[in-house]
Amino acid sequence: MKIAVEGCCHGQLDAIYAQIAKLEAQNNYKVDLLLICGDFQAVRNWQDLACMAVPDKYKALADFHKYYTGEKVAPILTIVIGGNHEASNYMWELYHGGWLAQNLYFLGHAGSVLVNGLKIAGVSGIFKGPDFRKGHHEKLPYDQSSKRSIYHVREYDIRRLSLLSSPHIFLSHDWPQSIEQHGDVQDLLRRKRFLEPDVRTNKLGSPPLMGLLQNLKPKWWFAAHLHARYEATYVHPSNDPSHQGQAPPSQPVQNPDEILIEDDDEPMVPSSEPPSTVPSDNPDEILLDDEEVEVEALPPAPVPPALTQFLALDKCLPKRQFLEVIDVDILSSNPTPVISFDPEWLAINRAFHPWFSTTAQQRTFPDEQEARAMVAKELEWVHTNVKTDENGVIPVEDWQTFAQTAPGPGSEGANKNRQPPAYVNPQTVAFCKMLDIQDKINS
């Protein structure tokens with residue numbers, strides 16, 4: 001499966017899809033899936049702009065409303081997360097995830113789905129310490145404080161994600177804290193000098209995300225936010241003694257479609273091939289052909305350490321490195337990518353729903369052992385009560401189909417510049433019905 005990955009979108013869907021079409025024509029391939037790492041800006045109309053925490057000079061309708069109203073349809077199945085520049089009212093409507101428009105799926109504030117068996121998880125927003133342990137208390141109309149705090153990552157979302165088995169791909173807007181130390185940090189600082197104080201004091205990135213990276217060990221981790229292309233390889237600690245003392249291998253992303261703008265010269269990678277070994281002849285060697293020799297069993301072959309390939313990308317602007325295309329092997333023979341619910345994530349949602357707070361107060365969470373036992377019990381409920389198709393999966397579209405909840409631009413009436421009312425999204429209603437949980441978004 002060919003997957004395109006985009007950094008910050010900032011509403012520039014037309015340019016992103018055009019760039020993918022250009023790469024497809026140049027390289028004679030077809031991109032199957034697009035992943036967007038936040039600052040998506042799903043702005044449906046002028047009232048949504050009043051819910052964005054950005055300076056007025058950056059408030060623009062951009063492209064999304066055309067896809068929302070059906071004037072255009074996304075040519076590629078697209079999965080997105082949120083960042084810190086969002087129409088947060090619309091993202092809250094779909095807190096549990098859902099279709100933002102035809103063929104454009106939002107993972108939710110946190111989420112995990114399957115695409116032809118490929119497990120893709122992600123978290124929206126950015127980390128801010130003072131809000132991390134609070135509940136999701138923000139309500140329309142937002143004041144200047146809640147307009148920002150609503151996109152701050154909560155412990156509730158991180159704890160739920162930590163209970164997943166390892167996803168193949170993880171999406172975040174923030175970088176995991178200190179991930180820059182596992183790549184060419186000097187090159188990063190040469191291009192982004194303003195990051196130096198945070199790098200020096202180990203304050204760059206999100207501490208909870210580094211915890212997730214170490215716990216989940218995904219093969220790929222994609223991010224955005226800092227408007228810089230950056231790659232790193234995180235080598236997870238291993239109990240295998242053969243790995244002790246080994247330096248992390250340098251495995252840069254190989255991408256023939258990469259467009260290099262800021263750096264004309266790439267450093268040469270020295271050859272790492274081991275020297276050949278030739279056995280020496282020994283005239284004094286004693287051959288014991290006729291004697292019984294006790295031969296020790298060979299030690300087991302060392303298990304290679306788990307690696308997470310991290311890649312951050314820039315924002316969608318001309319001459320920026322905002323897009324990457326990768327190849328991912330999947331077992332499915334279905335040529336059409338289809339999003340289905342991750343049963344494990346559904347079980348986690350059922351298990352943790354009593355801890356979902358819509359006030360500033362957050363209940364103390366159960367410990368990990370208790371939480372995992374709860375999830376195992378709820379997974380049995382999911383297998384028993386949520387219907388699967390003939391392939392044993394739960395297609396998202398069996399429960400959620402896109403529906404407009406707000407008017408398009410020009411239909412807001414006299415209240416164009418005011419924040420909109422809270423709309424009830426039928427996709428959220430359907431998700432809660434599927435899991436037999438209370439709809440706390442619309443209650």
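Cys316 comes out as buried in this predicted model, with a relative accessibility of just 7%. Its closest cysteine sulfur belongs to Cys9 and lies 6.9 Å away, which is too far for a bond. Cys8 tells a similar story: this residue is buried too, at 0% relative accessibility, and the closest cysteine sulfur, that of Cys37, sits 8.3 Å off, again too far for a bond. A disulfide would need the two sulfur atoms within 2.5 Å. The count of disulfides in the structure is, in the end, 0.

Turning to the helices, helix 11 (residues 343-352) and helix 12 (residues 368-385) have axes that come within 8 Å of each other and cross at roughly 115 degrees. The crossing of helix 11 past helix 12 is right-handed. On the helix 11 side, the contact is made by Pro343, Glu344, Leu346, Ala347, Ile348, Arg350, Ala351 and Phe352. Helix 12 brings in Ala371, Met374, Val375, Glu378, Leu379, Trp381, Val382 and His383. Sorted by class, that makes 12 nonpolar residues, 3 charged ones and 1 polar one.

Then there is Leu216, which is part of helix 10 (residues 207-216). Leu216 has a relative accessible area of 3%, and so is buried. Setting aside neighbours within four places in sequence, Leu216 touches Leu161, Ser162, Leu164, Ser166, Pro167 and Phe170. Of these contacts, Leu161 is 55 residues away from Leu216 along the chain, yet the two C-alpha atoms are separated by 8.7 Å.

Terms used. Residues numbered from 1 in each chain as written. Predicted model: local features only at pLDDT ≥ 70, side-chain atom pairs only at ≥ 80, totals over all residues. Heavy atoms only, no water. Axes fitted to C-alpha atoms, helices over the stretch in contact; angles between N-to-C directions. Helix = DSSP H or I, 4+ residues; strand = E, 2+ residues; numbered from the N terminus. Left-handed = near helix turned anticlockwise from the far one by under 90°. Contact = heavy atoms within 4.5 Å. Nonpolar A, V, L, I, M, F, W, Y, C, P; charged D, E, K, R; others polar. Buried < 20%, exposed > 50% of the residue type's maximum accessible area, 1.4 Å probe, protein only.
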